[in-house]
Amino acid sequence: MKFRDNVMRFMGGRYGNDQLGTAALGFCAALILVNIFVRSNILYALILAVMIWNIWRSMSRRVYERRRENEWFLGVCGKVKGWFTLLGRRWRDRKTHVYRVCPNCRKTLRLPRRKGSHTVSCPCCHSDFSCKVH
Ligand SMILES: [Zn+2]
């Protein structure tokens, strides 16, 4: 049990793994797969760099900073996901609705597709703006 005690002491207070770490590992795995076919030194160096960075992150004792990095990463993931969801909805509703961004609050609004100029009242910030549907 001595070894385990030493491991526990070594890892105590260190950050460990998170979603960003898992994503970095997945990214590495993908690069390794690409590297089988491409075999470039730059790619190899990149794989090594990401792996070392990942190990360094999990060994880090600055838990708060690592957690903030992970939160930033999750935020970016959410935005990308939201963007794709919106793209899917736009495609699905392309014949019946148009999507317009409110110039005041930047919220994306789903409007019925009726040809001509309209005055739109934003349900979020209650400001009016005009939009044209072709
Ligand atoms: Zn608005």
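In strand β2, Leu 109 is the bridge partner of Arg 100, and this pairing serves as the point of entry to a model that is predicted. A second bridge of the same kind places Arg 110 of β2 as the partner of Tyr 99. In total, 5 bridges join β1, which covers residues 97-101, to β2, which covers residues 108-112, and the two strands run antiparallel.

The hairpin that β1 and β2 form has 6 residues between the strands, and within it Arg 106 takes a positive phi near 65 degrees. Arg 106 has this positive phi although it is not a glycine, a point to be read against the background that most residues other than glycine have a negative phi. The residue is found in the loop between β1 and β2, where Arg 106 is exposed, with 9 other C-beta atoms within 10 Å; the cut-off for an exposed residue is 12 or fewer such atoms.

A second hairpin is formed by β3 and β4, again with 6 residues between the strands, and His 126 in its turn has a positive phi of about 60 degrees. His 126, like Arg 106 before it, is not a glycine. Its place is in the loop between β3, residues 116-121, and β4, residues 128-133, and His 126 is likewise exposed, with 9 other C-beta atoms within 10 Å. The strands on either side of this loop run antiparallel and are joined by 6 bridges; within the pair, Gly 116 stands opposite Val 133 in β4. None of the 6 residues of β4 is buried, so this strand lies largely in the open.

The helical part of the chain was examined next. Helix α4, residues 63-92, has 30 residues and reaches 43 Å from its first C-alpha to its last, which is close to the 44 Å expected at 1.5 Å a residue. This helix is hardly covered, since the count of buried residues among its 30 residues is 1, where a residue is counted as buried if 20 or more other C-beta atoms lie within 10 Å of its own. Confidence in the protein chain is highest in α4, at a mean of 95, and lowest in helix α1, residues 2-11, at a mean of 79.

Individual positions in the helical part show how the elements are placed with respect to one another. Thr 22 has its place in helix α2, residues 19-38, and Thr 22 is exposed, with 11 other C-beta atoms within 10 Å. Although Thr 22 and Asn 54 are 32 residues apart in sequence, their C-alpha atoms are 8.9 Å apart in space. Gly 12, by contrast, lies in the loop between α1 and α2, and with 8 C-beta neighbours inside 10 Å it counts as exposed. The C-alpha atoms of Gly 12 and Trp 91, which are 79 residues apart along the chain, are separated by 50 Å.

Taken as a whole, the secondary structure of the protein chain comes to 4 helices and 4 strands, and from the N terminus on the elements run α-α-α-α-β-β-β-β. The radius of gyration of the chain is 24 Å, well over the 14 Å that the globule rule gives for 134 residues, so the chain is more spread out than a compact globule. Along its principal axes, the C-alpha trace spans about 75 × 40 × 25 Å. Of the 134 residues, 4% count as buried. Among contacts between residues at least 6 apart in sequence, 32% join residues at least 24 apart.

The chain is divided into domain 1, residues 1-80, and domain 2, residues 93-134, and the centres of the two domains, taken over C-alpha atoms, are separated by 43 Å. With regard to the reliability of the prediction, the protein chain averages a pLDDT of 92, and 99% of the residues score at least 70.

How values were computed. Residues are numbered from 1 along each chain as its sequence is written. This is a predicted model: local features need pLDDT of at least 70, side-chain atom pairs count only at pLDDT 80 or more; totals for chains, interfaces and linings use all residues. The expected span of a helix is 1.5 Å times one less than its number of residues. Two strands pair if DSSP finds at least two bridges between them. Domain bounds come from an automatic or database domain assignment. The radius of gyration is taken over C-alpha atoms; the globule rule is 2.2 Å times the number of residues to the power 0.38. Two residues are in contact if their C-beta atoms, placed from the backbone, lie within 7 Å. pLDDT is the predictor's confidence in each residue, from 0 to 100.
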